[in-house]
Amino acid sequence: MLGCSGMELWVSSSAFLLLICFFPTTKTSSDSDNLSCGPGIRGYGATVPSGDIHIRYGSPLEIYCKLKPTVTKYNSSSLVFFRNDVEVSDEFVTKVNETTIRLYVKNPPPSSSIYYCKLKISSNNLTAVCLNYVLVGFAPRAVQNFTCVSRSWQNLNCSWIPVNNYMKTYYKLYYYERMNKKTQYNCPESPLVRNYCVWNASSHPLYRAVLENYYLNMEMSNELGNFTSSYNVSHYAVVVPNKAVNLTLVEATSNSLCIEWERPVSLYSFPPGIVTRVLYQSKWDSPNHWQLVNTSHLKIHANRLTLNITGLKYAHTLYDIRVLLKSYAAKDEPMWWSEPATITLRTKATVPGMSPKTDIGSFEIRSMNSLRDIYIYWQQIPKHMENGDNFEYKVIHIEEFVDGNSFVRNIAPSEITKTFAKFTNVTNNHYKFTVVSANKEGYAKDVSELTIPSQNSKLAEPVSFTKIDHNGGVYELSWRHPDDKRVKSYTVFWCENRLDRPYDCVGYLDWKNVGNITEKNITLQKRKVYQFAISANGEFSSSGMLWARCTILPDQARNKLKNTWIGVQGSTFFEVKWKLDCFERVRIHGFVIEFCPIRNPNNASCKESKRNKTIDGEPTHANITGLKPYTTYKVQVAVKTNNLLGMWSDPMLVTTLEDAPDMGPENVTLLAVTNTTIRLSWSPPSSLNGILRNYQIKWNDNSTKVENKSDIVIEELTNLPSNKLFNITLSACTVKCSPHSKPLYVRTEIGNPSQISAPRVKFVNTTEVMYVSWSKPSIPGGPVDYYEVKIDSSDGTTNRKPQYLKKQTNSLTIPTPECKKTSIYYKVYVRAVNEGANGTVFYGPWSPPAGDNCYIQTTGFSTAAMVLFVLVALLGTLLGLLFFSRWVWLRFKAMQNVGVKLPPQLELNSVFKDKSVVDLPIAAHVCSASLKPHHLPAELLDENTTPDQQLLLNNKIKDENSCDSPCDELDMALDTGSGEGHVESSGCGSGHDSVSSSITAGTHITDSGTEADERPASPDVFSQSPRRLSDLRQRNITGASSGGGSGSGEGYSRLAAAPTGYVTLPQGTRTYVSHTHLWPHNGSVQQCHKGYVIAPPLSSNTYSKVSLLPATGLKVTSSRDHCADSESSARSDGQLSVNPASSI
């Protein structure tokens, strides 16, 4: 590969001279025909020599340009030479003959240029004949800045800078050993294309680290000659180490850092050894200030090194430490030092380095009658002396002196900053405060004390303390002596703060005792805000600090208001307010307010002439009225002092509120009108007085909003009635709407009328004339020029052709003579018609049809027959309904006579065996196997008894007598009422309990009268579902003698206590009774049916417990006798007729 310092030489100078000498003045025709600029190029001629030209610097340049003989239209006068894009001057070009010119430059500069030979076709048209690349250069020369560097003793990199040469130059670099020059170790990349060469462990040949010296030769060659340079490189002196590794902290104190590091592994056995340099810098140092540590005691061949950096100034501070390495054999130059190994370490914290400074007058007292607020000021210590986290200032000790005695007070400050501490509601006695710096490690070793004199011993404050700013950081301070002879000197304080007074000082406070003077100039840093204070000092006391309240500009008694602001504002006014700051030296006569509207928010210059308003006296606000709504004004305030106008305050921008536009939309124009639309256009008002929200259009009693905010608004009102006059007005709306624009009166064009309601049709004089009338359309849409009537007719078999009539009135009489011959049905339609301009006709929709029949006169016989037919049909319908109702009633009565099954105690047994039996004892439900089923005697059945009822009652008695257990004889003695006992049921009940008993037996009543278990009634009166015996029987029957004593009956009372929820009947004669279906609500007795128990309803106040019944037995009577006087006998005899469905 090649290294090039110039352009390649294509033609030697000797060949060039040969071409020139051999160039003849006359040529044969064959030579002329072969004249060409290059292979395959057909042109007007050629240059000699052709191709690229290489010239040694100092040799002349000569080029010939010749036209072909075949080019007869032009001659050599039309040929010119160009160098790059610039025509060559005529002094370098000569004419040889009619076809040839010559370029000759005696000493061309080193360069690479393109020379063109061109032919002038016309004054403005040039065409190329041929061209040459010309290179002017040098023979090879020694390279510049040849340097070799070994990176951490692992490779060797030699580089150089070639000399600028337009000739391409070739380089060859190799090294050899001193004792064996014949053996060459070439550069691994040869020939060279880059300006460096690297030998390393992977190259061929290899890098040889053991060589103490490298002997190198560089051979250079080009078309103009050869050159060789030799270099002797001290190998160890060019080794640049890699940076130290494993740099760590060993130990840290508040003023030292001990570090440790290792040299790179590749340098562990480096023969000359390694030199170390250590630098450090703290965060408080300037960026370019580095401290150099003495490392002369470190061993140069040690692989691990430890260094203790002592004498560090700042505790609890970050230090940036850098470690650099260099070969002991290398020069002490920056290029031979390694990259720094860096580490950032912090020294340990300790107590603050000092406590804050105070002065005899560094306090401020704000009196409040018997109590006062005390501000204690101090000077902050430098940041680098805080020495730890959680740094703060503390008041650690307070002493109060009362009548010569001191008392320690535990008073906490209400506010504490980095500059002051505030104590509120402190007495007027003498105090001493002790202030100290503190951090997480503890208190500073020293403290500061500040004495606050009592209110009586405090010195008087200086008078009229004023600050004048002369710019550039120069301040002039002046004051007057107070009327206090104890004042010996003054202390001037200044505080670097972000804001001037009245804001408290929270920045760095400094001071200077200026002696017993009344003026002092102080120079401070530029472009910073400073607050100033002064104290008058005596031998043992001080007045405390008095702050300057404002800043006055130099050489002016005029003062500038700083505190100005805008108060209440409206659409046509705003209020300007201000606060007086510092006017001790001047007398205020009034204030002047200047204002004007500005051009735009980005240009605050006035677009109109300024206006002003003068306020006399010393007010603190003023109202500016008569302003334009939604307009931004610039406002400034100045003070009138001693007939002079002070400086204007900083300008304020205020925008008045929005209001309604002054006028409605402008240029309201009617664009188009149809019979249903009106199109309008308008432009916004010139003075909107706010942000345009919308427009409002009102026409007659209607309105709409338009949101279009274009410069020209076009809006169309649609769905308007035809031929109607409209009064149209517009208004523009911001937060309010403007006055209405001038009314625009527009009438819509004629259009279609609305639909007419159905006409009214009737026949006059029987059926000879049909009279039709109609109402006008609700929306005429125009003048309604006429009405069009359409008549459809039909005789029932044929639809006749419609008939159309025109009428200008609202009625029409139509003769109907055809109605005498046949019946005809007529349907009539009507519509309104308007006639517009240009013969346009507007038809309304046809009305709904109205129709009627005309009939032929007939005899009265047919009408009578029709009436008779209708009456017969109605009569038949009524008879059918009557028979159906009777059938339903009979079925209902049959359902009422269905018997109800009672509990065994109340169930009938053999009462129907003998009609003559009146009083029978209750059989206690003891059945006999010898008893036969009984049928009801005929005497007990009346003529109304249905077969269904008879069947049910027969089945009932059959079931009562069907029992498998033997039956005891009936104890008829019970009927005598002797009370000698009673017979209990054998426990065999009916196999089919009655519906009534099943329903009521499910409810048990406890002694307290509440229901213990309630089952819903079954709706099926013919249910054959068996019931449990406990559900059907009510058997807790206790005996009672006729004399009222307790008997020994055989009921439940002899076995156990009466079960809860059962009805206890009194002991006595138990007889069968006739059963009623239901006890009437009105107390009357209905006709009774066999198998029912008659019982009066139990009222809530009759018995408190169901088990306590009157000691009267139940008496069995015949059903007929009992039904007649059941109510009277039940009441007179004291007997109880029980309805199970209501009493249990």
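**Entry 1: Ser437**

Buried, in these notes, means under 20% relative accessible area. I'm working from a predicted model, so I keep that in mind throughout. I started with Ser437, which sits in strand S31, residues 430–439. Is Ser437 buried or exposed? Its relative accessibility comes out at 0%, so I put it down as buried.

Next I asked which residues Ser437 touches once those up to four places away in sequence are left out. On the earlier side of the sequence I noted Pro352, Met354, Ser355 and Pro356, then Ile381, and then Phe391, Glu392 and Tyr393. Gly442, Tyr443 and Ala444 complete the list. I picked Met354 for a distance check: 83 residues separate it from Ser437 in sequence, yet the two C-alpha atoms are 6.9 Å apart in space.

**Entry 2: the whole chain**

I stepped back for the totals. The protein has 1144 residues, and 42% of them count as buried. I get 8 helices and 67 strands. The exposed surface is about 62,000 Å², with 51% of it supplied by carbon and sulfur atoms. For contacts between residues at least 6 apart in sequence, I find that 68% join residues at least 24 apart.

**Entry 3: the S42-S43-S47 sheet**

I then looked at a sheet. It is open, has 3 strands in the order S42-S43-S47, and its pairing is antiparallel. Which strands are at the edges? They are S42 (563–569) and S47 (621–624), each pairing on one side only. Averaged over the sheet and ignoring direction, neighbouring strands are turned by 25 degrees against each other.

I zoomed in on S43, residues 574–579, which is joined to S47 by 4 bridges, antiparallel. In this pairing I see Val576 opposite Ala622 of S47.

**Entry 4: Glu575**

Staying in S43, I turned to Glu575, which lies in that strand. Glu575 is buried but has no salt bridge. Which side chain of opposite charge is nearest to Glu575? It is Lys577, at 4.2 Å. That explains the missing salt bridge as far as this pair goes, because the cut-off is a side-chain nitrogen within 4 Å of a carboxyl oxygen.

I also listed what Glu575 contacts, leaving aside neighbours within four places in sequence. One group is Trp565, Ile566, Gly567 and Val568, and the other is His621, Ala622 and Asn623. Going by the strand ranges, I place the first group in S42 and the second in S47.

**Entry 5: strand S44**

Last stop was S44, residues 588–600. How many of its 13 residues are buried? I count 10, so the strand goes down as mostly covered, because buried takes in anything under 20% relative accessible area.

I went through the partners of S44 one by one. With S48 (residues 632–641) it pairs in the antiparallel sense over 9 bridges, and there Pro597 stands opposite Tyr633. With S46 (residues 611–616) I find 6 bridges, also antiparallel; Val592 has Thr614 as its bridge partner in that strand. S45 (residues 603–606) is joined to S44 by 2 bridges, again antiparallel, with Asn600 opposite Asn603.

How many residues lie between S44 and S45 in their hairpin? I find 2.

How values were computed
Residues numbered from 1 in each chain as written. Predicted model: local features only at pLDDT ≥ 70, side-chain atom pairs only at ≥ 80, totals over all residues. Heavy atoms only, no water. Pairing = 2+ DSSP bridges. Axes fitted to C-alpha atoms, helices over the stretch in contact; angles between N-to-C directions. Buried < 20%, exposed > 50% of the residue type's maximum accessible area, 1.4 Å probe, protein only. Contact = heavy atoms within 4.5 Å. Areas by Shrake-Rupley, 256 points an atom, 1.4 Å probe, with all protein chains shown as cover. Lys, Arg positive; Asp, Glu negative; His and termini not counted.
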